Structure formats: structure tokens, C-alpha cells
Amino acid sequence: MTQHILLRDLDIPDIGKLEVYVKHGGYGALRQALTTMKPEQVIDVVKASGLRGRGGAGFPTGVKWSFIPKDIFPRYVTVNADESEPGTFKDRQIIEKNPHQLVEGAAIAAYAVRAEKTFIYCRGEFAQPARTLQAAVDAAYQAGYLGQNVFGSGVNIDIAVHLGAGAYICGEETALLDSLEGKIGQPRLRPPFPATAGLYGKPTVVNNVETLANVPFIITNGADAYKKFGTEKSPGTKIACLSGHVKRPGNYEFELGKITFRDLIFGADYGQGLLHEGATVKAIMPAGASSVLLGADKLDTPLDYESVAATGSMLGSASVIVLDSTTDIVWAIYKAIRFFKHESCGKCTPCREGTFWMLRIYERLVHGKGTQADIDLLDSVAGQMQNKCFCLLGEFSIAPVMSSIKLFRDEYLAKVAR
């Protein structure tokens with residue numbers, strides 16, 4: 001098994017309690033950063049580690065931090081804990097079981113970019129996790145790990161927990177920022193990017209929960225120690241959220257590039273095989289509902305950013321949904337499109353109208369009232385949305401549609417009314 005850098009709660013009972021977290025080295029990385037390193041040095045170490053954003057895009061974290069202009073204040077750090085992608089539940093485990101690792105990582109990021117304030121934006125349905133996180137923040141303030149003059153360094157670090165209203169679109173970083181400002185959660189036109197004009201129009205770093213949970217390990221052990229895990233281009237460990245037709249769904253931490261989809265699904269330390277006796281893998285959604293589907297011929301693809309991208313899909317947040325041979329593919333994608341249509345913010349016409357019409361067509365197909373022309377129309381509507389939506393939600397919605405029609409057209413044809 002991979003050393004647990006992120007899912008330390010599996011190794012250390014009650015690590016969510018401040019005293020237990022501190023006993024096992026907690027807040028030591030923050031102390032080290034504040035008392036022995038300059039902000040620029042912290043950024044350089046994170047950049048050298050090769051840590052890539054774990055929210056889906058995989059952009060280098062240290063590079064993102066370095067984009068903050070040097071002469072504009074105030075600036076902010078915003079933690080994206082709006083974990084709304086179907087099939088994704090890794091951030092929730094970190095928040096519920098080891099919240100101080102997130103708090104410490106966020107505090108180090110705040111110091112690195114000299115942020116005046118840090119906001120942790122939780123999805124609206126995270127009421128209980130947000131309370132757990134707030135309790136951890138309160139405990140850190142009381143212990144002197146947050147607040148004024150932390151560790152006598154003269155540095156002030158303030159963190160606030162904010163609960164959203166339950167909108168998938170607010171997982172998009174600019175929609176998250178608008179929501180945090182009290183506006184309707186809709187994506188902004190870019191450029192300018194958050195690094196130069198983010199929260200309240202000021203420089204802002206937006207990082208995912210899992211991303212920041214890596215930072216304490218990197219500061220404590222150094223960039224080289226982190227790069228011993230994973231591959232050259234995809235260093236470190238990653239959490240896979242495994243769900244669907246597997247015997248043992250759950251969160252599994254692994255070294256990037258060192259296991260395959262087959263290992264994750266069938267490995268004794270991971271999914272332990274398919275749920276239905278005698279079934280075979282029909283398709284894999286590597287990045288939740290917004291995935292380009294992969295067929296069973298891609299089971300031996302290594303789990304890293306480059307290898308999955310080479311298949312035409314993406315690793316994203318590694319929300320691996322397994323669909324076995326008992327699955328009605330058309331029904332499964334219909335459920336995904338119903339979700340995307342409901343969650344479209346309506347700002348742009350291609351997404352607003354496209355998801356509406358795709359849903360209408362799927363409703364005809366799954367109820368046995370579709371025609372062969374509907375299949376071609378569905379593919380056409382999705383194709384007309386491609387590269388025309390204001391943000392990635394529209395692009396995400398067409399990924400499972402177009403890939404499933406390509407891979408499983410026979411199943412679509414079987415739904416056609418005769």
C-alpha cells in the first residue's frame with residue numbers, strides 16, 4: 001500500500017482532534033514556513049515538488065501561486081471545497097476525518113502569497129462537514145496556530161469557513177468567487193484570471209482541498225521527498241474515489257502512474273472486483289459524471305494525468321465510476337444529463353438550451369419513444385455545444401453523451417421505437 005500522505009486518518013485514530021494532529025507533527029510545517037522561510041521560498045519548494053492541482057485541471061500549484069502580482073494588496077486564498085461532481089467524495093473525507101491538515105495547508109498557502117484572508121468555500125450540502133471544519137478552525141485559533149502574530153513571526157493568518165447554497169456551478173472557480181461575494185454563482189469571463197482580479201477584484205489563489213492537503217508534507221519533507229512518489233510529470237499521490245459496480249467502493253490513495261484502472265477495480269487493496277457475479281467491465285467514467293467514457297480495452301491504462309489524457313479522456317479528480325455489463329448505458333447517461341440540465345446556471349445559450357434538448361431526447365429514448373433520427377439529433381446537439389459554452393459545465397455535459405454514442409451506438413439503436 002502507498003504511504004498515506006492525504007488519508008492519514010486511516011493510519012492514525014482521531015487525527016481530526018487537534019492534540020492528536022499536533023502529536024503527529026501537525027502544524028510543524030506551518031511553524032517551519034513562518035519561522036525559517038520567506039514566502040517566495042515556500043512557493044519555490046511547492047513549485048519544485050511538481051504538485052499539480054487535484055481539483056481536476058492538474059495545473060502546477062506552485063506556478064499558480066507565483067502568478068500573484070507582487071505589488072497589489074490585499075490578496076486572498078480561496079479553498080474550493082465545493083465538491084459537487086457526481087462520484088467525487090475525497091475532499092469530504094479529508095474535511096471530516098483530518099480537517100487540520102487542510103487548515104494547515106491553507107495557512108501555508110496564505111503565507112506564501114501573503115494573503116490577508118483565506119476563505120474555505122464548502123458546498124451547500126456539506127452542513128455537517130462544514131461544522132467539523134469550523135470546529136477545527138476555532139481550535140487552531142485558540143491554540144495560536146491562526147490569528148495574530150502566529151508563532152511570534154509577526155504574520156497574521158485568518159481563515160473563515162463559508163457554506164454555499166448547493167450549486168454545482170460554484171465548483172467553477174470564478175462562479176465560486178461571485179457566490180462568495182454574495183452574487184449569483186455564475187462564471188466570469190476570463191481574462192482577467194483570479195490570480196490578478198479574483199475575489200473583490202483583488203489577486204486570489206483558488207486551490208482544491210486535496211491540493212492543499214499535500215502542502216504540509218511537502219514543506220516538512222522537501223520537494224525531493226514528494227517527487228519520490230508518482231511519475232516525473234505526475235508526482236505525488238492521488239486519491240481515487242471509486243464507486244459504481246465494485247465490491248468495495250471508497251477513497252483510495254495511490255501513487256500516480258503506479259497502478260492501472262484494472263488494479264484499482266480488482267486489486268485486493270482497492271475495489272476487490274465487480275459487484276455482480278459473472279459480470280465484466282463495460283465502461284469506466286474516470287472523472288465522475290463529466291467524463292469521456294472509456295471501454296474495457298483501457299483497463300490497463302496507468303492512473304496519471306498524461307496516460308489517461310492519451311486515451312482521449314481525463315483523470316480529473318479521479319472520481320472513477322465503474323459500469324459493468326449489467327448497465328443500461330443509455331439510462332446511465334440520461335441520469336447524468338438530467339443532473340447537468342438541472343445544474344446549468346443558464347448564463348450561456350449553448351449550455352442552457354443544449355442540456356434542455358439533450359434531456360428531452362434522452363427522455364424519449366429511455367421511455368421507448370425515440371427514433372433513429374433522435375440518436376443523430378442527440379449527437380448533433382452535443383456537437384453544436386462543443387467549444388461554444390461560456391464555461392466547462394457545458395463541455396462536461398456533452399462528454400458522456402458523445403463518447404457513449406461512439407462506444408455503444410448499438411445500445412442507443414436498441415432503444416429506438418419499432
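Colleague: Where is Pro192 found in this structure?

Modeller: In this predicted model, Pro192 is found in the loop between H8 and H9. Pro191 lies in that loop between helix H8 (173-180) and H9 as well.

Colleague: What kind of peptide bond joins Pro191 and Pro192?

Modeller: The general idea comes first: most peptide bonds are trans. Here, a cis peptide bond joins Pro191 and Pro192, with omega at about 5°. The bond from Arg190 to Pro191 is also cis, and its omega is near 0°.

Colleague: The backbone angle phi is my next topic. Which value does phi of Asp14 take?

Modeller: As a rule, most residues other than glycine have a negative phi. Asp14 has a positive phi, near 60°, and is a residue other than glycine. Asp14 belongs to the segment before helix H1 (18-23). Arg114 likewise is not a glycine and has a positive phi, of about 55°. Arg114 is placed in the loop between H6 and strand S2 (117-122).

Colleague: Is Arg114 buried, partly exposed or exposed?

Modeller: The reading rests on two cut-offs: buried means under 20% relative accessible area, and exposed means over 50%. Arg114 has a relative accessible area of 43%, so Arg114 is partly exposed.

Colleague: How should His100 be read, as buried or exposed?

Modeller: The same cut-off of 20% applies. With a relative accessible area of 1%, His100 is buried. His100 is part of helix H6 (residues 99-113).

Colleague: Which residues does His100 touch, leaving aside those up to four places away in sequence?

Modeller: Among them are Gly16, Lys17, Leu18 and Tyr21, together with Ala136, Ala139 and Ala140. Tyr27 is another residue that His100 touches, and the side chains of His100 and Tyr27 are joined by a polar contact of 2.8 Å. Tyr27 also forms one aromatic cluster with Tyr21, Tyr145 and Phe151.

Colleague: How many aromatic pairs does a search of the whole structure find?

Modeller: The search finds 14 aromatic pairs. To read the geometry of a pair, one takes the angle between the ring planes: over 60 degrees counts as edge-to-face. The planes of Tyr76 and Tyr200 stand at 70°, with the ring centres 5.7 Å apart, so this pair is edge-to-face. The pair links distant parts of the chain, 124 residues apart: Tyr76 is in strand S1 (residues 76-81), and Tyr200 is in the loop between helix H9 (194-197) and strand S4 (204-208). Tyr76 is buried at 9% relative accessible area, whereas Tyr200 is partly exposed at 45%.

Colleague: What is the geometry of the aromatic pair of Phe217 and Phe229?

Modeller: Phe217 and Phe229 form an edge-to-face pair, 6.2 Å centre to centre and with 65° between the planes. Phe217 lies in helix H11 (residues 215-221) and Phe229 in the loop between helix H12 (223-227) and strand S5 (237-244), so the pair ties together parts that are 12 residues apart in sequence. Phe217 is buried at 16% relative accessibility, and Phe229 is buried at 11%.

Colleague: Over which ring does the charged end of Arg75 sit?

Modeller: The charged end of Arg75 sits over the ring of Phe73, 4.0 Å from the ring centre.

Colleague: Finally, which residues lie nearest the centre of the largest pocket?

Modeller: Gly55, Gly56, Ala57, Gly171 and Glu173 lie nearest the centre, among the 44 residues that line the largest pocket. The volume of the largest pocket is about 1,300 Å³. S4 gives the most to the lining of this pocket, namely five residues.

Terms used: Residues numbered from 1 in each chain as written. Predicted model: local features only at pLDDT ≥ 70, side-chain atom pairs only at ≥ 80, totals over all residues. Heavy atoms only, no water. Helix = DSSP H or I, 4+ residues; strand = E, 2+ residues; numbered from the N terminus. Buried < 20%, exposed > 50% of the residue type's maximum accessible area, 1.4 Å probe, protein only. Polar contact = N/O pair within 3.5 Å; in protein donor to acceptor, adjacent residues only side chain to side chain. Contact = heavy atoms within 4.5 Å. Phe/Tyr/Trp six-rings, centres within 6.5 Å; stacked < 30°, edge-to-face > 60°. Lys NZ or Arg CZ within 6 Å of the ring centre and 35° of its normal. 1 Å grid on protein atoms, 1.4 Å probe; cavity = no way out; pocket = protein on both sides within 12 Å on 5 of 7 lines; lining within 4 Å. Points joined across faces, edges and corners; volume = space filled by probe spheres on them.
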